[in-house]
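Dear colleague,

Please find below the structure that I am handing over to you, with its sequence. A summary of what was found in it follows.

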Amino acid sequence: MDVTVAIDCMGGDHGPHVTVPAALAGLARRQDANFILVGLRDAIEVELHARKASTGPRLRIHHASEVVGMDEAVASALRGKRDSSMRVAINLVKSGEAQACVSAGNTGALMAISRFVLKMLPGIERPPIATILPTVKGHVTVLDLGANVDCSPHDLLQFGIMGATLVAAIEHAERPSVGLLNVGEEDIKGNELVKRAGELLRASGLNFHGNVEGDDIYKGTTEVVVCDGFVGNVALKASEGLAQMLSVFLREEFARNVLTRMSALIARPVLAAFKRRIDHRRYNGAFLLGLRGIVIKSHGAADVVAFEHAIYRALDAVQTGVLRKISERVAVAEQGVA
């Protein structure tokens with residue numbers, strides 16, 4: 001099944017310098033992929049020319065005259081820039097010219113424009129951000145990571161349904177396990193929001209494991225972890241900070257003296273394998289779930305390798321029918337037949 005992806009080439013910290021070569025790499029590796037490069041035509045053509053590439057049946061440029069800044073106010077992006085590369089790319093999904101959109105741009109603007117243009121799937125009230133994180137057992141899908149800081153128990157139930165459906169579709173898992181992030185494993189732990197959400201998840205028909213704590217995320221206790229956007233974003237940023245700190249500590253210790261520098265040479269193969277195993281670029285590409293279209297959010301600072309992985313997330317989401325499956329699963333749950 002061929003898939004056409006609209007790429008917001010101007011989004012992120014690096015713009016076309018990253019998005020264009022990532023698209024070219026994806027084009028070479030995936031024969032089922034077609035790309036629409038959306039943004040300032042001249043800037044995109046410069047990057048194509050620098051890599052001796054050109055447009056063709058599987059790669060075309062769609063000019064957009066405006067760019068949404070990484071720190072731009074959501075209202076400005078939504079109301080004032082109707083020809084931004086971000087909005088044009090999302091419009092291509094709405095019109096059916098593309099089946100998915102990938103952007104490394106302003107997260108708030110991307111969520112607002114996606115929700116305004118594409119609308120929500122029937123029965124879904126809030127669109128969560130879901131991403132994949134590494135664990136000792138493989139990886140876990142966590143949602144929400146910042147789209148909704150104030151949630152109801154029903155919102156968390158829907159997040160669980162969408163997360164489990166996503167994992168089941170993409171990873172071909174029959175009944176993915178779902179955990180509710182809490183301050184303790186016991187049912188009596190947590191605030192009233194989490195307690196009520198736990199009750200709903202237990203009665204949902206999902207493979208609900210129960211409450212999980214922060215360390216369970218990286219233990220791989222469950223395949224899906226559900227939380228509100230406030231908690232999820234804090235957990236994600238704390239994890240990123242810890243990873244950066246450990247990286248700094250390792251470099252400092254290996255550079256401490258002649259002996260430690262020699263040991264670093266001996267340990268190089270192990271360090272290289274360790275780096276590959278936890279390489280955050282392999283997990284780049286968060287899903288904006290619950291919309292009437294596939295939208296993937298890349299990290300703003302993504303390099304070519306990371307953005308390429310975000311593109312693959314979009315391709316896989318379309319080919320596995322994630323959109324249809326989430327819509328069907330939520331419809332059943334809303335009827336109380338889950």
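**Cavities and salt bridges**

The lining of the second largest cavity is made up of four nonpolar residues, six polar residues and one charged residue. Please bear in mind throughout that the model is a predicted one. The second largest cavity encloses about 40 Å³. Its lining consists of Gly11, Gly12, Asp13, His14, Gly15, Val18, Thr19, Ala104, Gly300, Ala302 and Phe307. Asp13 is the charged residue in this lining, because Asp, Glu, Lys and Arg are the residues that count as charged.

In total, three cavities of 30 Å³ or more were found. The largest cavity holds about 60 Å³ of space. Phe287, Leu288, Leu289, Gly290, Leu291, Gly293, Ile294, Val295, Ile296, Val322, Leu323 and Ile326 form the lining of the largest cavity. Three elements each contribute two or more residues to that lining: strand E10 (286-288), strand E11 (294-297) and helix H13 (322-334). In terms of class, ten residues of the lining of the largest cavity are nonpolar and two are polar, while none is charged. The two polar residues are Gly290 and Gly293, because Gly is counted among the polar residues.

I turn now to the charged side chains. Side chains of opposite charge can pair when their charged atoms come close. Across the whole structure there are 15 salt bridges, and several are described here.

Lys81 pairs with Glu72, with 2.9 Å between the closest N and O atoms. Glu72 has a relative accessible area of 16% and is therefore buried, since buried means under 20%.

Arg256 and Glu253 form another salt bridge, in which the closest N and O atoms are 2.6 Å apart. Arg256 has a relative accessible area of 52%, so this residue is classed as exposed, the cut-off being over 50%. Its partner Glu253, at 42%, is partly exposed.

A salt bridge also joins Lys189 to Glu186, and here the closest N and O atoms lie 3.2 Å apart. Lys189 is partly exposed, with a relative accessible area of 33%, and Glu186 is likewise partly exposed, at 43% relative accessibility.

Finally, a network of salt bridges links Arg30, Asp32 and Asp316.

With kind regards

Technical notes
Residues are numbered from 1 along each chain as its sequence is written. This is a predicted model: local features need pLDDT of at least 70, side-chain atom pairs count only at pLDDT 80 or more; totals for chains, interfaces and linings use all residues. Side-chain values use heavy atoms; hydrogens and water are left out. On a 1 Å grid over the protein atoms alone, a cavity is a set of points where a 1.4 Å probe fits but cannot get out, and a pocket is an open set with protein on both sides within 12 Å along at least five of seven lines; lining residues have an atom within 4 Å of a point. Grid points are joined across faces, edges and corners, and a volume is the space filled by probe spheres set on the points. Helices (H or I, at least four residues) and strands (E, at least two) are DSSP runs, numbered from the N terminus. A salt bridge is a side-chain nitrogen of Lys or Arg within 4 Å of a carboxyl oxygen of Asp or Glu. Buried means under 20% relative accessible area, exposed over 50%, partly exposed in between (1.4 Å probe, protein chains only).
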